[in-house]
Each structure stands twice: as structure tokens, then as C-alpha cells.
Amino acid sequence: MRTLQIETARAFSPLLEPSRYKAVHGGRGSGKSHNFAEMLIEDSLLSKGQRAVCIREVQKSLKDSAKRLIEDKLGKFGLGEADGFKVFREVIETPGDGVIIFQGMQDHTAESIKSLEGFKRAWVEEAQTLSARSLSLLRPTIREEGSELWFSWNPRRKSDPVDAMFRGDHKPTGSVVVQANWSDNPWFPSVLEQERQDCFKNEPDQYRHIWEGDYATVLSGAYYAQALATARNEKRIGHVARDPLMPIKAIWDIGLRDATAIWICQFVGREIRVLHYYEAVGQPLGAHLDWLRANGFGSAECILPHDGAHGDAVTGVRFEDHIRTAGFGVRTIQNQGKGAAMKRIEAARRMFGQIWFNETTTEAGRDALGWYHEKRDDDRNIGLGPEHDWASHGADAFGLMCVAYEEPIIAQRPRPMALGPGSWMG
Ligand SMILES: Nc1ncnc2c1ncn2[C@@H]1O[C@H](COP(=O)(O)OP(=O)(O)OP(=O)(O)O)[C@@H](O)[C@H]1O
Ligand SMILES: [Mg+2]
């Protein structure tokens, strides 16, 4: 019998013992992907007939998957059909009728995910993009005795679901969490070393995030990062009290399949005072309205984007009618047509200097604003407009708030009449 020698970097040695969750986070080139690819092959050899799935949040094609890397590793170890490994277009057969498959979580529904019950290994690559929904679908599905869930990722922000799960205060039982960076990778290639040094010199702001696994602070192409920093310096983020005499507005981004975001604010003279931010995924409309009422915003005028005039997929009733029937005032902003997203951004940038934020209740929304950024085609060096991701819902609603802003007509007080001298009647 042949024996296979697999070398493991010291940083990854805690992952070699069985455990329910294995999580590796760190900067670029730390060997996260290579390590899990090798572990997956080793497990397929040791436990015959094992089914494994390699997962990403979005997998548009197999090119996005770890398939190629695993094939290269099979080549490196000299493993082929004689050993029970056979590479097909979409899957890799492993010894004893086992298999490794490659899937995107966004293609899964609560029903379809059940096809993964019986899988003993699930490896989530680039797990920083994994949504909370995907995570909650996946965890109970991988339920075989001795099954393991593996996660590898380059951290982005503290509140990303994978970071909250493994680096927050309540790690799941049976998790091994490892941090690894380039300096932990004994095979760190010279090409990447050059990249690293260039980044250190030319993009010092980004260096610690890209290479040392720190959370991102400033993102290049962020639309509001500067304006938020200015708001902070000008002390416009602090305690903002509700004006009891002014109307409350609730500005929505309606999430059909993803998050619904709502900013609560008051338009007071030339200022927008932002009182609260709310975001929820996968909740029915009624839950958002309940939240408004429960937080004292039951009198709010709801300002909706143009899709407020669309029908709810389940009831067929238009959102604006739903909300109106529930007793709220409603205004739907007309579709601004082509370039609507950029128009909202421009409006928000013009207004930003007049916006005040209540600090404690708007943090999640300000996080989204800080992250909201331009998608780039680096090959052609052009911007492709705003990136659609977790932050775009809050940012869209924020832009809509600025579009909807109109200076309220100041109620005309009766002015004392100008009386000429001598006309005083005592
Ligand atoms: N076990 C290994 N055997 C051989 N080479 C390795 C191994 N691990 C890492 N390397 C080398 O280090 C490089 C970086 O490893 P890898 O791609 O796994 O890092 P990563 O942490 O997944 O990086 P990224 O954050 O960019 O995805 C690889 O391209 C390869 O050259
Ligand atoms: Mg990788």
C-alpha cells in the first residue's frame, strides 16, 4: 500500500483533529485554500464513500469553484483512477463511491438544500460573502454523524455573518478557529511577496486588510466614506433627539428576496435629522410595520421607492396599499429612470453636510454607508456603478431620503404690523 505524505503548515495543525466547525481566517496568500483542498482529499481517502460539497455564496460557473485546485492537488499527489479518484466535468468521484461537488448557496432554496443532507464535509470558500440566510440553511443540513463544516475567508467586517459566528462572543460548540497570514505560509510564493511589498508601499491604507487579515477600514471607491468622516469631525454623529412637533418619515428600501432597510428621520428646516436605522431579511411586510409601531414611529409617513407600486408576490396587493391600509401615510417616489442609483448618490452627497445622525441607533446603517462602493472593472479601469451587496439596501434608502427631502414650508407666523409713529393706540 502506498502512503501519502501531506505536509501541513504549523498554523493549520489544530485543524487536523476532528471537530464540527473548522474556521480559518486571514489575509491573502496564507494557504487557506490549499490547506482545505489537501484536507478534503485526505479525508476522502481515509473515509471511503464520503460525500463532500465545496460551497460559495455565489457560484456562477465551476471556474469560480475550488474544483480546479483540487484537481491540481490530485495531480501533485499522483492520485488517479487506480486510487478511486475520477474527475468529471462537474464533480470529482472519490474512493468507495464518494463524491466532491461544487455549489453556490444562492442557487439553493430551503427545499433544495435538503439534497445535501448526508454530506459529511461542507467547505465554504470566501466565506466572508456568506449571507446569514445561507449560513442558517447550511448549518442544520450538514447533520451526519461526524460531519464537519469548514470555512475559509478573508475578513471584511466584524458584523459579516461568518465573523459574527466564529469571532464573536458565542462561538458554536466544537469550533476550531485559526488565524493565518502570509507569514504562516511556508510555501508563500515570490510573486505574491512582490505583490505584498508593492501593496505596502503604494496602498498603505489597504495593506493591513488585504495582507494581515484585518477588517476593512476604508474601501477604495466608497461613495460616503469621506462624508461620514466629516460628519464625525463636525460632531454631527451624536445625540439627536426627536422633535415632537415635526413629522416622522420612514424611508424604505423594499427587499423582496433580500434585506429591507428603513431610515427614520425628520426634515427640520435645512437639516435632516436621522433618528434610527432598521434592517431585516426575510420578514413579511407586517413585521416591518410592527417594528415601526413598537418603536414609536406609528405616525410615520412611509416614503417608498418606485417598487412600492409593485404587487406583493404572495398577496398581489401593492406595497403602498398594504402600508396605507395599516394606517400609515405613504408617498412613492417616481422611478427616476436610467442612472437612478447615481442620482440618489449625488443627492446624498449634496445633502450630507446637513445630515445629523443619532449615534447609537444608526450604527448599522452608517456601517452600510461606509461600505457602499463602486464596482470596478479593473481590466478596463472603469467604474461599473454601485456594487450590489449587503450595504446597498441601506445606502439606497439613504439616497432616497435625500431625494425625497424637501424643505418644509415654515409655517407663517402672523408678524406684528409695522406701525408708524403716532399710530400707537394705547
Ligand atoms: N500546502 C501547500 N502546498 C504548496 N503550496 C502552497 C500550499 N499552501 C499554499 N501554497 C502556496 O501559497 C499560495 C497561497 O496559498 P492559497 O491560495 O491557499 O492562499 P489563500 O490564503 O487561500 O489566499 P487568498 O486569500 O488569496 O485566497 C499558493 O498559490 C501556493 O503557491
Ligand atoms: Mg483562497
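**Reading a predicted fold**

Me: Where should I begin with the side chain of glutamine 59: what lies 3.3 Å from one of its polar atoms?

Reply: The backbone oxygen of phenylalanine 102 lies 3.3 Å from a polar atom of the glutamine 59 side chain, and the backbone nitrogen of glutamine 103 lies 3.4 Å from a polar atom of that side chain. Please keep in mind throughout that this is a predicted model.

Me: Which residues does glutamine 59 touch, once those up to four places away in sequence are not counted?

Reply: On that count, glutamine 59 touches Cys54, Asp64, Ser65, Phe102, Gln103, Gly104 and Asp107. Glutamine 59 itself is found in the loop between β2 (51-56) and α2 (67-77), whereas the strand β5 covers residues 98-104.

Me: Does glutamine 59 count as buried or exposed, and why?

Reply: The general idea is to compare the relative accessible area with a cut-off, and buried means under 20%. Glutamine 59 has a relative accessibility of 13%, and it therefore counts as buried.

Me: How should I read a sheet, and in what order do the strands of the open sheet stand?

Reply: Strands of a sheet pair through backbone hydrogen bonds, and the pairing can be parallel or antiparallel. Here 8 strands form an open sheet with mixed pairing, and their order is β3-β4-β5-β2-β6-β7-β1-β8.

Me: Which strands stand at the edges of that sheet, and why is one side of each left without a neighbour?

Reply: The edge strands are β3 (86-87) and β8 (175-179); each has a single partner strand, so one side of each is left without a neighbour in the sheet. At the β3 edge, 2 bridges join β3 to strand β4 (residues 92-94), and the two strands run antiparallel; lysine 86 has glutamate 93 in β4 as its bridge partner.

Me: Which strands does helix α1 lie across?

Reply: Helix α1 lies across β1 (21-25), β2, β4, β5, β6 (121-124) and β7 (148-153), and with respect to β7 it runs at about 160 degrees.

Me: How do α1 and α2 pack, that is, at roughly what angle do their axes cross?

Reply: The axes of α1 (residues 32-46) and α2 cross at roughly 65 degrees and come within 9 Å, in a crossing that is right-handed. On the α1 side, the residues that meet α2 are Ser33, His34, Ala37, Glu38, Leu40 and Ile41, and their counterparts in α2 are Leu69, Ile70, Lys73, Leu74, Lys76 and Phe77. By character, the residues of this contact divide into 7 nonpolar, 2 polar and 3 charged.

Me: Turning to strand β15, in which sense do β9 and β15 pair?

Reply: Strand β9 (residues 237-238) and strand β15 (residues 355-358) pair in the parallel sense over 2 bridges, with isoleucine 237 facing phenylalanine 357 of β15 as its bridge partner. Strand β12 (residues 271-281) also pairs with β15 in the parallel sense, over 3 bridges, and isoleucine 272 stands opposite isoleucine 355 in β15.

Me: Where does leucine 369 lie, and which residues is it in contact with beyond its neighbours within four places in sequence?

Reply: Leucine 369 lies in helix α11 (residues 363-371), and with those neighbours left aside its contacts are Tyr224, Leu228, Trp263, Phe352, Phe357, Ala395 and Phe398. One of these, Phe357, is the residue of β15 that is the bridge partner of isoleucine 237. Leucine 228 is 141 residues away from leucine 369 along the chain, yet their C-alpha atoms are separated by 8.1 Å. Because its relative accessibility is 0%, leucine 369 counts as buried.

Me: What should I make of backbone angles, and what is the phi of aspartate 97?

Reply: The sign of phi is worth checking in residues other than glycine, and at aspartate 97 phi is positive, near 70 degrees. Aspartate 97 has its place in the loop between β4 and β5, and with a relative accessible area of 72% it is exposed. Lysine 235 likewise has a positive phi, of about 60 degrees, although it is not a glycine; it is found in the loop between α7 (225-233) and β9, and it is exposed, at 65% relative accessible area.

Me: How many helices and strands does the protein chain have, and what fraction of its residues is buried?

Reply: The secondary structure comes to 12 helices and 17 strands, and buried residues make up 46% of the 426 residues. The C-alpha atoms fill a box of roughly 120 × 55 × 40 Å along the principal axes. Among contacts with a separation of 6 or more, 68% are between residues 24 or more positions apart.

How values were computed: Residues are numbered from 1 along each chain as its sequence is written. Chains are lettered from A and ligands numbered from 1 in the order in which they are written. This is a predicted model: local features need pLDDT of at least 70, side-chain atom pairs count only at pLDDT 80 or more; totals for chains, interfaces and linings use all residues. Side-chain values use heavy atoms; hydrogens and water are left out. Buried means under 20% relative accessible area, exposed over 50%, partly exposed in between (1.4 Å probe, protein chains only). Contact means heavy atoms within 4.5 Å. A polar contact is a pair of N or O atoms within 3.5 Å; within protein, one must be able to donate a hydrogen and the other to accept it, and residues adjacent in sequence count only if both atoms are side-chain atoms. Two strands pair if DSSP finds at least two bridges between them. Axes are lines fitted to C-alpha atoms, for helices over the stretch in contact, and angles run from 0 to 180 degrees between N-to-C directions. A crossing is left-handed if the near helix is turned anticlockwise from the far one by less than a right angle, and right-handed if clockwise. Ala, Val, Leu, Ile, Met, Phe, Trp, Tyr, Cys and Pro count as nonpolar, Asp, Glu, Lys and Arg as charged, and the others, Gly among them, as polar.
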